[in-house]
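Here is a short report on a two-chain model. Keep the structure open while reading.

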Amino acid sequence: MIQDAETVSTNRFVSKVYDVCVIGSGPAGVTLARRLGAKGLSVGLFEAGGRELTPDSQDLYKGENTGQPYYALDATRLRYFGGSSNHWGGWTHLLDPYDFEPNPDNPLSGWPIKLDDLLPYAAEADEILDLPADRTPPDIFPAGQDELVPRFFRFSRPITRFGEKYEAELRASPNIEVFFNANLVDLRLDAEKHSVAQAVFRSFKRPDPFVVKARAYALCLGGLENPRALLNMTNDIPVGLGNENDIVGRYFMEHLHAELGKVVFRKPLDWLLVYAPSQQMMRDRHILNFGMRVGDQNQWNGGDFTGEMKPVPPCDVDFDDLLKAAIDGKPSPCPGLVGDAFIVGEQQLNPESRVMLASTRDRFGLRTMELKWSLTETDFRTIETCASETGRLFAQYDVARLKILDWILEGKTPTLDQLAGGNHHMGTTRMGADPKTSVVDANVKVHSLDNLYIGGSSVFATSGHANPTYTITLLALRLGDHLASVLKS
Amino acid sequence: MKMSKGPARAGAATTRREVLKGLAAAPVIAVIGAAPAHAAGRTVLHRGWVLRADDLERLGRR
């Protein structure tokens, strides 16, 4: 069933107690609701926006950037049914096993779970995201080269828009009730302040709020909005829910997207390969994880790109002629062998990189967002090392030659055109065993509350370099199983 | 797209960046990595390009 909070009778909520109140209908919220519904639990799924994008809803994402240059906050995410899956590019990659381990060059790193805890959900995540089978990368480097690890991306085809794909299923579900235009304005605690007792919502047009009760609550609002919601809920806990240790909103991470330069290949390689450092290389160079991609930037950035690259036309020009033309800045006789190199880098955990509340308030009286994205020297060292070391290995093994951009070579401050994010908002309610350095535990439950859970990339303890949607989906499935186990016991 | 300006790149230059700056300032060639035993040749930086030393020798004859 899908209804609109603008018109639904709110009397229906007076005596109703859902098993789980899921707030937000992006990849995390829809995946969690479907998992819970399939297990026979009653779910209320509350989406702040409507079925389609509206200015009234999207305007509530406006905020202020005060740190590293970043995208407008009402452009880097979407506030309607399906959430930011509506502008997802479809890229997926599995985190590396060592992303879950502590990295000495990233203090506080390490997850309280392992990749093996998520892998049981991989087959179902593949189906949800319409992913093709994984492919074995070709032998690009000779045996014994153990610094760069090539792997393939997988693309969602067609790209999973969670609203579009699952609307009919949710409408028909006997266990899931979906409500559009339901804006969360408060989470009220019980008398002991140990549990959430009520979620309070408002629609855009109706003057009065309405109250929803559930046995458990899951915030799935995205990596920026999850902390903003928690920080705004100060009626019971003055510092904000889950924020007793001043961690909510801190450790905001993006994937560092930077063009490294031009690449000339000796022979065509699959553009969908990503080159990542081995764990040993990370340790030796004191860097974080990265994925270097090479390919045709125009194809990658095309709005209809779904993971199929145009084939490289045959070209039998001598490699030295290709290289000389490239060095001299002349048009390439074999354009298909010239590509752009990019890094998607892991960002170091930094408590000063954070989501905060601004002094202005939105139409519902909640304080708007201030995002202060802050990078560290380790972040820049990872970018520089990625460029120099992949360039070195490409040359030494005669795979390709890389030209490194001047701003990287010269250590200049990058502009937003040179260094940006991927619209990946991570870490702001990070997972950990210690409440002093994390917001949720290994089951993504807020440490200080018995029945409030968080879905989405805000719980990532570290970011790795993998695009987050796949991990978000795995975590949501796992949370569904956990909640079903808890609520049925 | 409306964007706000953030602070300049923070912190002192790292050792790594000093190495890279040195490379950029070098007149023609600088060694940026000793090749492992199983790889042919050394790599050099030339006008921003990471090349093999023998690349420059061959290209110089053209």
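Strand β18 (residues 400-404) of chain A runs antiparallel to β12(A), joined by 5 bridges. Strands here are DSSP E runs of at least two residues, helices are H or I runs of at least four, and both are numbered from the N terminus. Two strands pair if DSSP finds at least two bridges between them. Within β18(A), Ile404(A) is the bridge partner of Gly261(A).

This is a predicted model, in which local features need pLDDT of at least 70, side-chain atom pairs count only at pLDDT 80 or more, and totals for chains, interfaces and linings use all residues. Residues are numbered from 1 along each chain as its sequence is written, while chains are lettered from A and ligands numbered from 1 in the order in which they are written.

**Strand pairing in chain A**

β12(A) has further partners. The table lists its pairings and those of β17(A).

| Strands | Sense | Bridges | One facing pair |
|---|---|---|---|
| β12(A) and β15(A) (residues 338-345) | antiparallel | 8 bridges | Val264(A) and Val338(A) |
| β12(A) and β19(A) (residues 419-420) | antiparallel | 2 bridges | Ala258(A) and Leu419(A) |
| β4(A) (residues 63-65) and β17(A) (residues 367-372) | parallel | 3 bridges | Glu64(A) and Glu370(A) |
| β16(A) (residues 354-361) and β17(A) | antiparallel | 5 bridges | Leu357(A) and Met369(A) |

Is β12(A) enclosed or open? Of its 10 residues (256-265), 7 are buried, so the strand is largely enclosed by the rest of the structure. Buried means that 20 or more other C-beta atoms, placed from the backbone, lie within 10 Å of the residue's own; exposed means 12 or fewer, and partly exposed lies in between.

β16(A) and β17(A) form a hairpin with 5 residues between the strands. There, Gly365(A) takes a positive phi near 85°.

**Cores and helix packing**

The largest nonpolar core holds 95 residues. Such a core is a set of buried Ala, Val, Leu, Ile, Met, Phe, Trp, Tyr and Cys residues joined through C-beta atoms within 7 Å. Val20(A), Cys21(A), Val22(A), Ile23(A), Tyr217(A) and Ala218(A) touch the most other members. Helix α12(A) (residues 468-488) gives this core its largest share, 8 residues. A second, separate core has 49 residues, among them Met292(A), Cys334(A), Ala387(A) and Ala420(A).

Beyond its neighbours within four places in sequence, Ile23(A) has contacts including Phe46(A), Leu184(A), Ala199(A) and Tyr217(A). Contact means C-beta atoms, placed from the backbone, within 7 Å.

α12(A) also packs against helix α1(A) (residues 27-38), at an angle of about 35° and with the axes 8 Å apart. Axes are lines fitted to C-alpha atoms over the stretch in contact, and angles run from 0 to 180 degrees between N-to-C directions. Residues of α1(A) at this meeting include Pro27(A), Ala28(A) and Thr31(A); those of α12(A) include Thr469(A), Ile472(A) and Thr473(A).

**The chains overall**

Chain A has 12 helices and 20 strands. Of its 489 residues, 53% count as buried. Its C-alpha trace spans about 75 × 40 × 40 Å along the principal axes. Residues 24 or more positions apart account for 73% of its contacts with a separation of 6 or more.

Chain B has 2 helices and 3 strands, in the order α-β-β-β-α. Of its 62 residues, 23% count as buried. Residues 24 or more positions apart account for 3% of its contacts with a separation of 6 or more.

Note on methods
Two residues are in contact if their C-beta atoms, placed from the backbone, lie within 7 Å.
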